[in-house]
Amino acid sequence: MQFRQPLQRHAIQATAEFLLIAEGRSLCVSLPSNGDGSSQSGNVKWFSPHELGDLGLVNHSGVLSVGGGGSFQLVHPVLLGKLPHNGIWRLALDVSPSKSTQDAAKNQGLAFQDLRSLLPLIPAEDLSIAGQAVALLQWHKANEYCGRCGARTTPVEMGGRRQCTSDKSHRAYPRTDPVMITLVESTDGQRALLGRPKSLSRRGVLTCLSGFIEQGESIEECVRREVMEEAGVSVGQVAVLGSQPWPIGRGGTCEVMIGCMAKALDDTLHVNEEEMDAVRWVTKQEAQTAIQHSSVNDVASSGQGAAFAEGHLDFFIPPKWAIAHHLIKAWATQGDSWFSKL
Ligand SMILES: [Zn+2]
């Protein structure tokens with residue numbers, strides 16, 4: 001949908017839209033109300049350069065300034081990319097320091113929202129771009145000083161990287177942390193190992209096991225290590241199915257989730273109770289029921305699904321926007337062992 005290419009400032013000036021971010025993971029969106037206070041859908045609000053003036057961002061806050069003839073000079077925005085179908089450049093601005101801008105946005109009927117709470121509500125493309133904006137601005141905020149010598153850094157290439165002001169060879173690039181997430185199939189191929197780490201506060205949810213890939217570790221090695229650490233289960237065969245960007249990762253980091261299928265060598269569990277609230281084998285029938293009742297728009301029950309909410313199932317699985325949902329579905333809809341098709 002988007003791509004980056006060498007910066008051409010004059011081209012950005014001709015056509016540009018801005019996404020405003022405040023207080024880290026919040027973003028500016030328009031969420032129509034149902035009348036009962038709840039919201040079911042919405043869209044990210046993109047501002048034209050001239051609309052920024054209405055928010056006090058032009059010639060007042062010092063973030064942007066306007067020159068003659070409607071042209072403008074960019075000061076702090078970061079470049080997200082260019083839309084190939086219409087040539088519009090898209091940029092993000094962190095307006096956290098500007099309370100007046102946030103108030104002006106509210107007066108226009110807009111709201112700064114947490115990205116996680118918007119997951120079921122706004123289109124996937126908007127989420128993708130907003131996630132990129134949040135992650136990139138978070139990275140800039142966390143890298144104002146050089147990690148090698150401690151001097152201040154400055155954004156260059158429209159926010160594509162930061163450079164040390166003391167030594168030009170000290171450069172920092174936006175980082176993405178790889179995380180593996182895996183469904184572990186039992187030895188007979190009819191059960192899946194799901195769990196809930198203590199860090200996941202949603203009572204009743206069971207999901208695929210996951211963990212950060214360590215330095216020098218392959219994806220497959222990470223799967224075997226994490227499954228052993230969390231569930232005490234030995235894993236043999238590992239297959240990589242796909243991946244999902246996750247710019248709203250733990251601790252404000254940008255992650256990429258790498259989805260895997262793993263085959264257990266032994267079904268005996270030795271659960272790490274310090275790390276995990278629950279780990280258990282789930283049957284294919286249970287997984288199919290959980291999938292049937294999972295709804296991306298089930299906001300009222302926080303995506304739990306009717307089967308859990310009504311007590312027919314003692315767990316629920318992540319909704320459709322999570323890669324774990326698709327791993328569970330890929331496994332549950334396969335009659336035999338998932339690995340039999342390889
Ligand atoms: Zn330095």
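**Exercise 1. Find which residues Q163 touches in this predicted model, leaving out those up to four places away in sequence.**

*Solution.* Start by placing the residue: Q163 lies in strand β10. Next, collect its contacts beyond four places in sequence: they are R152, T153, T154, V156, K168, H170 and R171. Then turn to the side chain, where Q163 makes a polar contact with the side chain of R161, at 2.6 Å. Finally, check the accessibility: the relative accessible area of Q163 is 12%. Buried means under 20%, so Q163 falls in that class.

**Exercise 2. Work out the strand order of the open sheet that contains β10, and say which strands stand at its edges.**

*Solution.* The sheet has three strands, and their order is β9-β10-β11 with antiparallel pairing. Now look at the ends of that order: β9 and β11 each have a single partner strand, so one side of each is left without a neighbour in the sheet. These two are therefore the edge strands.

Take one pairing in detail. Between β9 and β10 there are four bridges, in the antiparallel sense. For an example of bridge partners, pick P155: its partner in β10 is R162.

Last, ask what packs on this sheet. Helix α5 does, and it touches β9, β10 and β11. The direction of α5 makes about 10° with that of β10.

**Exercise 3. Describe the zinc site: which atoms coordinate the ion, and what is the geometry?**

*Solution.* Begin with the donors. Three are SG atoms, from C146, C149 and C164, and the ND1 atom of H170 completes the set. The distances run from 2.3 to 2.4 Å.

Move on to the angles. Among the four donor atoms they span 99 to 119°. Four donors count as tetrahedral if all angles lie between 85 and 135 degrees, so the site of the zinc ion earns that name.

Then read the donors along the chain: their spacing is C-x2-C-x14-C-x5-H. What does this do for the pair C149 and H170? C149 sits in the loop between α5 (124–142) and β9 (153–156), while H170 sits in the loop between β10 (161–164) and β11 (171–172), so the pair ties together parts that are 21 residues apart in sequence.

Finish with the accessibility of these two donors. C149 is partly exposed at 41% relative accessible area, whereas H170 counts as buried at 11%. You have already met H170 in the first exercise, among the residues that Q163 touches.

**Exercise 4. For E157 and M158, give the phi values and decide whether each residue is buried or partly exposed.**

*Solution.* Locate them before anything else: E157 is found in the loop between β9 and β10, and M158 lies in that loop too. Now take the backbone. Phi of E157 is near 50°, a positive value in a residue other than glycine. M158 also has a positive phi, about 55°, although it is not a glycine.

The side of the problem that remains is accessibility. E157 has a relative accessible area of 48%, which makes it partly exposed. M158 counts as buried at 10%.

**Exercise 5. Step back to the whole chain: how many helices and strands does it have, and what share of its residues is buried?**

*Solution.* The count is nine helices and 17 strands. Of the 342 residues, 49% count as buried. To round off, consider contacts between residues at least 6 apart in sequence: 65% of them join residues at least 24 apart.

Note on methods: Residues are numbered from 1 along each chain as its sequence is written. This is a predicted model: local features need pLDDT of at least 70, side-chain atom pairs count only at pLDDT 80 or more; totals for chains, interfaces and linings use all residues. Side-chain values use heavy atoms; hydrogens and water are left out. Donors are N, O and S atoms within 2.8 Å of the metal (3.2 Å for Na, K and Ca); water is not among the atoms, so sites may look incomplete. Four donors count as tetrahedral if all angles lie between 85 and 135 degrees; four count as square planar and six as octahedral if opposite donors are over 155 degrees apart and all others between 65 and 115; anything else is irregular. Buried means under 20% relative accessible area, exposed over 50%, partly exposed in between (1.4 Å probe, protein chains only). Two strands pair if DSSP finds at least two bridges between them. Contact means heavy atoms within 4.5 Å. Axes are lines fitted to C-alpha atoms, for helices over the stretch in contact, and angles run from 0 to 180 degrees between N-to-C directions. A polar contact is a pair of N or O atoms within 3.5 Å; within protein, one must be able to donate a hydrogen and the other to accept it, and residues adjacent in sequence count only if both atoms are side-chain atoms.
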